[in-house]
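Here is a protein to walk through at an easy pace. Have a look at the sequence and the fold before reading on.

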Amino acid sequence: MSKCGAVFIMFGCLREVRPSRLSAYILAISYHYARALGVVCFGISKKGPNDALMGRKNFRLKWYSLILRIFCSAMVGCFCAPYVLVLEDPYEWVMQCMRLVACLVCTTCILVLQLFHEHKVLRMINSFLRLFRRVRQMSARTKIGFGGKREFVLLLFKIVCLGYELICECHHLLFPSSLLGWLTTLCEIIVELGSLMIIHIGFVGYLSVAALYSEVNSYVRVELRRQLRSLERTGGAPASRRQLRIASGRLEECVAVYDEIERVGRSFHVLLELPLLVILVAKIFATTVLSYEVIIRSDRYPSQAAMWGLVLKSFADVILLTLAAHEAVSSSKVIRRLSLENFSGSDHKQWHVKLEMFLSRLNVNEFRVRPLGLFEVSNEIILVFLSSMITYFTYVMQYGIQTNRL
């Protein structure tokens with residue numbers, strides 16, 4: 001076979017790979033990465049005749065996670081905290097203190113979830129998995145994987161951020177001063193990467209809610225509308241009672257699925273809103289301090305590209321989380337614009353009552369992301385964040401020029 005033929009075959013195979021399959025592979029890699037860091041202490045395996053994915057308890061993994069997190073936190077508290085407290089540079093002191101406090105708070109939240117809320121976490125994970133199966137059973141089209149093209153693009157950016165984060169952290173292990181210093185650095189990296197997994201888990205959770213809403217909306221937009229349109233009078237003959245009963249059952253199933261998505265999404269948000277808010281605020285403040293260090297004190301960092309990469313990676317983490325939450329919120333509102341009230345279907349009063357209840361329930365059903373009720377996550381937050389950071393960069397650069405530091 002010629003080289004050109006081999007290239008054409010390779011590109012043909014790549015075209016057949018769906019983004020949803022690639023998204024599922026990215027999620028699997030992220031799951032095993034979180035297990036290695038001791039953040040996830042449950043197993044996910046296939047169970048039953050249909051090979052359905054289910055979350056299960058894993059006592060070995062749980063004890064590994066608890067021992068790893070407690071040992072690393074103790075090492076960081078004993079050896080890293082005293083070093084941070086005696087720093088003389090105020091900017092570095094603020095940045096290191098925020099990083100240390102955020103890591104320890106998120107580590108404590110992870111321990112609390114693993115020790116006291118394991119059943120709740122497993123119930124939530126299984127609810128997500130059951131919802132994906134339930135949504136796909138509604139549709140006549142078979143779908144494998146996770147989400148669509150938008151979810152794949154966001155997950156691709158996220159896996160790049162995870163890889164860059166891991167490379168930057170592991171770089172500190174290459175030049176150990178002593179065995180104790182190397183072990184302390186390793187524990188600090190595990191604690192920091194574990195705390196940052198909170199923001200990645202939040203991203204995956206909100207993106208899962210968005211993917212569920214998107215699949216149900218697609219079913220209602222295409223298949224349910226076609227079914228309701230078939231109930232319209234053809235040749236003057238009204239729809240039969242059997243057709244109305246089938247359509248009523250589908251309407252009730254849609255309402256039940258929308259209610260379940262909103263309930264599971266809300267339980268996920270309530271479970272992680274405190275550690276997610278802590279790490280998000282710490283990341284925003286750390287980004288501002290780090291950008292000041294890179295702009296004003298560039299002589300202290302030999303690799304400017306790596307430092308600017310960390311700044312951009314912090315930007316990307318905040319923006320990706322906000323985009324995932326906004327996707328979930330906006331997808332929960334799409335169903336209101338489908339004009340399903342135009343399909344009367346029949347003159348039966350019971351049918352009209354059923355359709356009105358369906359439409360009114362969709363208008364009430366809305367998913368919102370409000371961390372501790374302080375603000376609502378939307379695209380406006382991204383614009384405010386970006387405009388604030390651009391203004392801050394401009395101010396810092398002007399300050400550096402005036403003080404002859406640039």
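What follows is a tour that starts with the overall layout and then stops at some helices, cysteines and rings.

First, some ground rules: this is a predicted model, so local features need pLDDT of at least 70, side-chain atom pairs count only at pLDDT 80 or more, and totals for chains, interfaces and linings use all residues. Residues are numbered from 1 along each chain as its sequence is written, and side-chain values use heavy atoms, with hydrogens and water left out.

Let's begin with the big picture. The protein has 11 helices and two strands, where helices (H or I, at least four residues) and strands (E, at least two) are DSSP runs numbered from the N terminus. Reading from the N terminus, the order is α-α-β-β-α-α-α-α-α-α-α-α-α. Of the 406 residues, 46% are buried; that word means under 20% relative accessible area, with exposed being over 50% and partly exposed in between (1.4 Å probe, protein chains only).

Now for helix α3, which covers residues 59–85. With 27 residues, α3 reaches 37 Å from its first C-alpha to its last, close to the expected 39 Å. The expected span is 1.5 Å times one less than the number of residues. At the start of α3, a side-chain oxygen of N58 comes to within 3.4 Å of the backbone nitrogen of R60. That's a polar contact: a pair of N or O atoms within 3.5 Å, where within protein one must be able to donate a hydrogen and the other to accept it, and residues adjacent in sequence count only if both atoms are side-chain atoms. Further along, α3 has a kink of about 35 degrees centred on G77, the bend at a residue being the angle between axes fitted to the seven residues ending there and the seven starting there.

Helix α7 (residues 179–230) has a kink too, about 35 degrees and centred on V220. Its 52 residues should span 76 Å, and the end C-alpha atoms of α7 are 74 Å apart, which agrees. Just ahead, in the loop between α6 and α7, you'll find L173. L173 is buried at 17% relative accessibility, and its C-alpha is 6.9 Å from that of T185, 12 residues away along the chain. For a longer reach through the sequence, try M95 in helix α4 (residues 90–116). M95 and F285 are 190 residues apart in sequence, yet 7.9 Å apart in space, C-alpha to C-alpha. M95 is buried as well, with a relative accessible area of 12%.

How many disulfides are there? The count is zero, taking a disulfide as a pair of cysteine sulfur atoms within 2.5 Å. C187 is unbonded because the closest cysteine sulfur, in C72, is 3.9 Å away, too far for a bond. C109 has its closest cysteine sulfur in C106, 6.0 Å away, which is also too far. Both C187, at 2% relative accessibility, and C109, at 17%, are buried.

Finally, the rings. There are five aromatic pairs, counting rings of Phe, Tyr and Trp (its six-membered ring) with centres within 6.5 Å; planes under 30 degrees apart are stacked, over 60 edge-to-face and the rest tilted. The rings of F132 and F146 have centres 5.8 Å apart and planes at 50 degrees, so this pair is tilted. The pair links distant parts of the chain, with F132 in helix α5 (residues 118–138) and F146 in the loop between α5 and α6 (149–170), 14 residues apart. Both are buried. Elsewhere, ring pairs link F128, Y206 and F268 into a cluster.
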